[in-house]
Number of protein chains: 2
Amino acid sequence: MTITIALDAMGGDNAPREICKGAALACQEFSDLEIVLTGDAEKIKPCLAGASMEARKRLRVVHAAEAVAMDEQPVTAIRKKRDSSMRIAMEMVRAGEAQGCLSAGNTGAIVAGGVLVVGKLPTIDRPALGVPLPTINRWTFLLDVGASVRARPVNLYQYARMGNVYSKKILNVAEPEIALLSNGTEEIKGDEVVAEARETLAKSGLNFKGYVEGDDVPWGRADVVVCDGFMGNVLLKFGEGLMQGARSIIAEEMGHRFLPKVGMLFMIPMVKALWARFNYEKYGGTPLLGVKGTVVKAHGRSKALAILGALSAARNFIVRDGVGQIREELE
Amino acid sequence: MTITIALDAMGGDNAPREICKGAALACQEFSDLEIVLTGDAEKIKPCLAGASMEARKRLRVVHAAEAVAMDEQPVTAIRKKRDSSMRIAMEMVRAGEAQGCLSAGNTGAIVAGGVLVVGKLPTIDRPALGVPLPTINRWTFLLDVGASVRARPVNLYQYARMGNVYSKKILNVAEPEIALLSNGTEEIKGDEVVAEARETLAKSGLNFKGYVEGDDVPWGRADVVVCDGFMGNVLLKFGEGLMQGARSIIAEEMGHRFLPKVGMLFMIPMVKALWARFNYEKYGGTPLLGVKGTVVKAHGRSKALAILGALSAARNFIVRDGVGQIREELE
């Protein structure tokens with residue numbers, strides 16, 4: 001069976017070059033994969049020049065006259081820019097011409113397109129963006145990281161159910177431990193929304209562990225951590241900033257010292273091993289869960305390898321029928 | 001002038017030994033400081049045996065028959081345990097027998113005691129816990145980190161005002177840049193609460209920068225970052241967990257490799273320099289702002305040096321009349 005993914009070639013900080021390179025890598029890695037690049041054909045074609053003959057056979061271009069900018073108002077952009085690369089990719093999913101789509105563009109527009117073009121599953125009130133995080137003990141699937149802002153208890157409940165499916169079917173966790181992110185582990189903690197979701201989840205039949213705290217996320221004390229999109233967004237960006245900051249400070253300190261440079265030579269194998277273990281780019285790709293097709297978001301700063309990772313995540317979600325599984329879980 | 005601080009000797013994971021050691025260090029460092037240790041006199045006295053003669057002169061013990069446990073319901077603990085070391089320390093502040101108090105105990109109980117025993121300032125709806133964070137560009141004062149759970153716009157506004165005072169008067173920032181933590185920097189971001197606070201702050205006369213995102217916190221893109229206590233609590237613990245986790249992973253990797261151990265020898269000066277720059281324990285101490293006296297919380301895991309840091313922060317807050325400055329700012 002061929003799997004067709006529509007890829008928004010104009011989305012993200014490194015579009016279209018890195019997006020196209022990532023597409024070529026993915027076609028080389030997965031022989032069942034066909035990728036439709038949507039966007040400015042004039043700009044895309046030269047970027048495909050480096051692809052192997054084998055990959056080229058499964059790379060198609062569909063011209064799109066417009067592109068959604070990173071800072072555009074999401075709903076307006078999706079509604080008005082009917083010829084945008086992002087909207088065309090999503091239309092292909094709706095029409096069944098592609099089983100899934102991927103974009104590294106405007107996050108809000110991806111969510112809006114998921115709802116307005118691809119369509120919500122009838123049993124889901126609001127879709128969620130989830131991200132698999134490499135933590136110390138395991139992979140933790142965190143959601144929502146920004147599809148919505150605030151959530152009602154029913155939304156948190158549905159996020160938990162969708163996270164359960166993703167963890168089980170895509171990340172291969174036998175019986176995922178589900179937890180709610182709160183300001184303490186005791187039952188008296190949390191605000192009203194979280195407290196109500198806690199009660200519902202305790203009766204849900206899920207393997208629900210109650211609350212986890214902020215430090216339980218990096219330690220990996222649950223397989224699925226549920227929070228509202230405001231919190232998830234801030235947390236994810238804070239973690240990214242902290243890691244980048246630490247790297248930049250170490251580089252700065254190394255800059256005006258000689259001994260650490262020598263020391264670093266001895267550390268290269270270790271740093272490489274750690275990088276391989278925690279480089280989330282490799283597994284990149286943030287699925288939008290709760291819509292009628294496979295819609296995956298890649299990080300705006302994605303380069304070719306991150307696009308390859310996200311395409312691989314999207315392909316996996318399609319092969320394992322993620323959408324069908326979520327539909328079943330919530331019936 | 002002598003400055004008297006009442007110190008809850010029974011609060012925290014390392015009480016009373018490390019608390020007493022920290023008190024002795026502080027008396028040695030600050031010749032104007034007198035510390036009243038509240039708690040079980042039988043247990044405290046042996047812990048003071050190591051203190052210098054000079055420090056001993058300014059260390060007093062006030063016996064307290066009870067102690068508030070870390071997991072106790074805060075309001076009940078403060079109300080019922082009238083003979084607890086924490087409550088007695090706070091009573092001393094209310095009675096004017098001490099200018100401030102410090103505890104590494106139950107955070108909720110410290111906040112409850114601040115409100116019920118020491119008393120709120122009349123112009124403050126809810127007090128806030130603030131923490132100075134060492135970031136890449138500067139010190140950022142983050143509040144609220146857990147005095148309340150959710151906040152109304154007026155609370156966020158008052159946090160901003162109090163943070164402004166702390167940054168200016170205690171951290172010596174000339175014109176502190178104030179920002180609201182949100183899920184994006186654009187004006188359309190945020191939930192209703194944050195959006196309303198944004199409008200109020202824009203008209204407040206403060207040096208208000210609008211929204212900052214999660215990654216702006218570690219990069220230090222503002223002097224004061226305001227959020228609700230739920231968010232602040234999760235963020236702070238997440239950051240702590242991430243740092244501890246990174247340390248534990250590196251230690252683990254070093255454990256079964258030889259070369260990195262050699263490399264580390266070359267790096268010791270750099271690691272020491274970074275540690276000195278980012279070891280927040282040295283500057284530890286989380287003030288409870290918005291109450292009628294100086295109330296400072298230390299981390300539950302505090303050892304002697306962290307207690308010294310927190311005592312130094314409390315002393316500083318007293319010397320610079322932090323309470324009076326906040327009263328004035330909000331008049």
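## A helix across the sheet of chain B

In this predicted model, helix α7 of chain B, residues 153-170, lies across five strands of the same chain: β5 (128-134), β6 (139-143), β7 (178-181), β9 (224-226) and β10. The helix runs at about 160° to β9(B).

Helix α8 of chain B, formed by residues 192-202, lies across β7 and β8 of chain B. Its direction is at about 170° to β7(B).

## The sheet

The strands named above belong to an open sheet of 11 strands in chain B, with mixed pairing. Their order is β3-β2-β1-β4-β11-β10-β5-β6-β9-β7-β8. At the edges stand β3 (59-63) and β8 (208-212) of chain B; each has a single partner strand, so one side of each is left without a neighbour in the sheet. From one strand to the next, the twist averages 25°.

Within this order, strand β10 of chain B (residues 286-289) pairs with strand β11 of chain B (residues 294-297). The pairing is antiparallel and extends over 2 bridges. In β11(B), Val296(B) is the residue that stands opposite Pro287(B).

## Relation between the two chains

A turn of 180°, with a shift of 0.0 Å along the axis, lays chain B on chain A with an RMSD of 0.0 Å. The two copies are therefore related as by a two-fold rotation axis. The same surface serves both copies, as 100% of the contact residues of chain B recur in chain A.

Among the residues of chain B, Gly263(B) comes closest to the rotation axis, its C-alpha being at 1.9 Å.

Definitions and conventions:
Residues numbered from 1 in each chain as written. Chains lettered and ligands numbered in written order. Predicted model: local features only at pLDDT ≥ 70, side-chain atom pairs only at ≥ 80, totals over all residues. Least-squares fit on C-alpha atoms with pLDDT ≥ 70 in both. Contact = placed C-beta atoms within 7 Å. Pairing = 2+ DSSP bridges. Helix = DSSP H or I, 4+ residues; strand = E, 2+ residues; numbered from the N terminus. Axes fitted to C-alpha atoms, helices over the stretch in contact; angles between N-to-C directions.
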